Amino acid sequence: MNIKISLPDGSVREFPQGTTGYDVALSISEGLARNALAIEVNGEVRDLSRALPEVASIKILTWNDPAGKNTFWHSSAHLLAEALEALYPGVKFGIGPPIDNGFYYDVDLGGRSLGEADLAAIESKVKELAKKESRFQRRDVTKAEALAYFTEKGDQYKLELINELADGTITFYEQGNFTDLCRGPHIPHTGFIKAFKLMNVAGAYWRGNEKNKMLTRLYGITFPKQKELDEHIHLLEEAKKRDHRKLGKELELFTFSEKVGMGLPLWLPKGTILRERLEQFMRRAQVKAGYDPVVTPHIGGKQLYVTSGHYEKYGKDSFQPIRTPDENEEFLLKPMNCPHHCEIYKSKPRSYRDLPVRLAEFGTVYRYEQSGELHGLTRVRGFTQDDAHIFCRPDQVKAEFVKVIDLVLHVFNSLGFTNYTAQVSLRDPANKEKYIGEDELWNRAEREIQEAADERGLKTVAVQGEAAFYGPKLDFMIKDALGRSWQLGTIQVDYILPQRFELEYVGSDNQRHRPVMIHRAPFGSLERFVAVLIEHCAGNFPLWLAPDQIAVLPISERFNDYAAEVFGKLKEFDIRGFLDDRDEKIGRKIRDAETKKIPFMLIVGEREAAEGKVAVRKHGQGDQGSLDLEEFITSFRKEIATP
Ligand SMILES: [Zn+2]
Ligand SMILES: [Zn+2]
């Protein structure tokens, strides 16, 4: 009897018993078979060399599939281990998983520390072994066999792991002279690994427990082509240059102070200009879109968050309540703006004609993050959301989604994020009881979110089971200039807060109804958004955002007066910048302005002063010729206008 295999395109094909993933790949095309790394069989990733079950839906995985990459990197960890064992007989192994970018292996080198020469030796050993094209071979072993093998080897770490496994579930993988305890899967053979680099060596406690022994963690990355490794290293270097923490310091945008507290950013004057421009940009767009700005306090009574459910969710694991001298009072730093906005909605009776009510606030919230999790502006303990809540009737959800999508796209376009996709997160249809809210409302909202996205021409993927228990949502993913993905601009439907806060409106039928609530924040948090923006544009902000738009540079002291006159004129037109009248050579002044990434430099000397002109220089692009000052200001003002 033949086996039945469903392919990703929906077709079903029959193959003889014993057909492997590799055979199927080959039957599709030789190119696919050559690049195939593993196979997904009924949702499980497996070795290509294993025989397929009688009925299966499959997908052949290559380097371009995340699961294919994972398998590649995990297999590379085995290869690294093989090299280590060849170089350091008696080395013991902890675990070696794939990670976001590459893999690591935790090893016990018996107290030996690795110097530069060792690392070079490891790299060349890995490359040498890779060329052998050793096959990764899977073998079922009994627990007794597994224990015997690693007892013989004296590897207490693997023994500890085996002891936690049930007999009958244990597999070994072997390649070349190396055998590892592993459930797999792996790529066909080591020859796929064409480029390898050791990225880092660090200490790591066995199983992350500081009471255990400190092992050596070797981080590596591999690729199927040398060119891809070269590109990866180039991107890493570029990412380092663009790191928002580094640029934030160099461009004097923000800082942190131990005394103020970890994860609590201090915005410096230049960073504040940037942030205020972003706020102003969003405020204007929101007023046009019919939002009403509101302001709410940074703290709220504990009961507010008990009602909203946030206390139950965050209470113990977040900042603890603030107590007043009156013992009966307890407040929490607000982790969310939504409960406050619900109370504003409730401040007066609402009729169906009043809806939608759109309340917008640049609301600062505080969430406890463990100190180890904090990272520049992307993971902080206090941040400001460009938050808004839309309270609408169920029949208005679609129109509101369309409007919010427009707003989000306006943000992306104005800030140079041209590469984005969106995900529609839906219920798990098999577990409908997990979700709050009526079936009919869910079906309608899910359909309408998709329709709204389609209407605006968004590239979307719909993912079942990704919705929050309280409502479906639309998430945007942008790709930055380095090809890294960031999630920005979630639009979330919420059926639970209106219920918990007993929000109502009077319908055209004179009956009380519950509004639907939509949470949305196109930037997300200003802190994180600024971090993404800095790294995306490498600190070269669009002109309308740049903290300093212009530097006026007199060629020598003799022209300081004319330079001051030019600078004064610019200020009249709200052009931001500075006058560099230091007693320095012009070359030095230009270099400094370039380092500070000032978009425009106006250089003035004898001729400019005599003719009422300025010599224009653009950051990174050099000389742009001379212009009348008035002429320059007129054209420049058009360029700096907030979109
Ligand atoms: Zn493995
Ligand atoms: Zn909210």
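Which arrangement do the 4 donor atoms around the zinc ion (ligand 1) adopt? The structure on display is a predicted model, and this tour starts at that ion.

**Stop 1: the zinc ion (ligand 1)**

Select the zinc ion (ligand 1) together with H74, H78, C182 and H186. The protein donors are NE2 of H74, NE2 of H78, SG of C182 and NE2 of H186, and they lie 1.9 to 2.1 Å from the ion. The arrangement is tetrahedral, because the angles subtended by the 4 donor atoms run from 88 to 126°, and the cut-off for this class requires all angles to lie between 85 and 135 degrees. Along the sequence, the spacing of the donor residues reads H-x3-H-x103-C-x3-H.

Now colour helix α3, residues 66-87. Both H74 and H78 belong to this helix, 4 residues apart, which is about one turn of the helix. H74 and H78 are both buried.

**Stop 2: F172**

From C182, move to F172, since C182 is among the residues in contact with F172. F172 is located in strand β10, which covers residues 171-175. Is F172 buried or exposed? Its relative accessible area is 2%, so F172 is buried; the cut-off is under 20%.

Display the surroundings of F172. Beyond its neighbours within four places in sequence, its contacts include Q137, R138, R139, V141, Y149 and F150, as well as T179, D180 and L181. A146 is also in contact with F172. The C-alpha atoms of F172 and A146 are 8.1 Å apart, while the two residues are separated by 26 residues in sequence.

**Stop 3: K158**

Select K158 next, in helix α6 (residues 156-163). K158 counts as buried, because its relative accessibility is 3%. Which side chain makes a polar contact with the side chain of K158? The partner is Y105, at 3.0 Å. Outside the four places on either side in sequence, K158 is in contact with F93, G94, Y105, F150, D180 and L181. F150, D180 and L181 also appear among the contacts of F172.

**Stop 4: the zinc ion (ligand 2)**

Finally, centre the view on the zinc ion (ligand 2). Its coordinating atoms are SG of C338, NE2 of H389 and ND1 of H519, at 2.0 to 2.4 Å. These donor residues follow the spacing C-x50-H-x129-H in sequence. The pair C338 and H519 links distant parts of the chain, 181 residues apart: C338 is in helix α12 (residues 338-345) and H519 in strand β28 (residues 516-520). C338 counts as buried because its relative accessibility is 3%, and H519 counts as buried at 15%.

Methods. Residues numbered from 1 in each chain as written. Chains lettered and ligands numbered in written order. Predicted model: local features only at pLDDT ≥ 70, side-chain atom pairs only at ≥ 80, totals over all residues. Heavy atoms only, no water. Donors = N, O, S within 2.8 Å, 3.2 Å for Na, K, Ca; no water. Helix = DSSP H or I, 4+ residues; strand = E, 2+ residues; numbered from the N terminus. Buried < 20%, exposed > 50% of the residue type's maximum accessible area, 1.4 Å probe, protein only. Contact = heavy atoms within 4.5 Å. Polar contact = N/O pair within 3.5 Å; in protein donor to acceptor, adjacent residues only side chain to side chain. Tetrahedral: all angles 85-135°; square planar, octahedral: opposite > 155°, others 65-115°.
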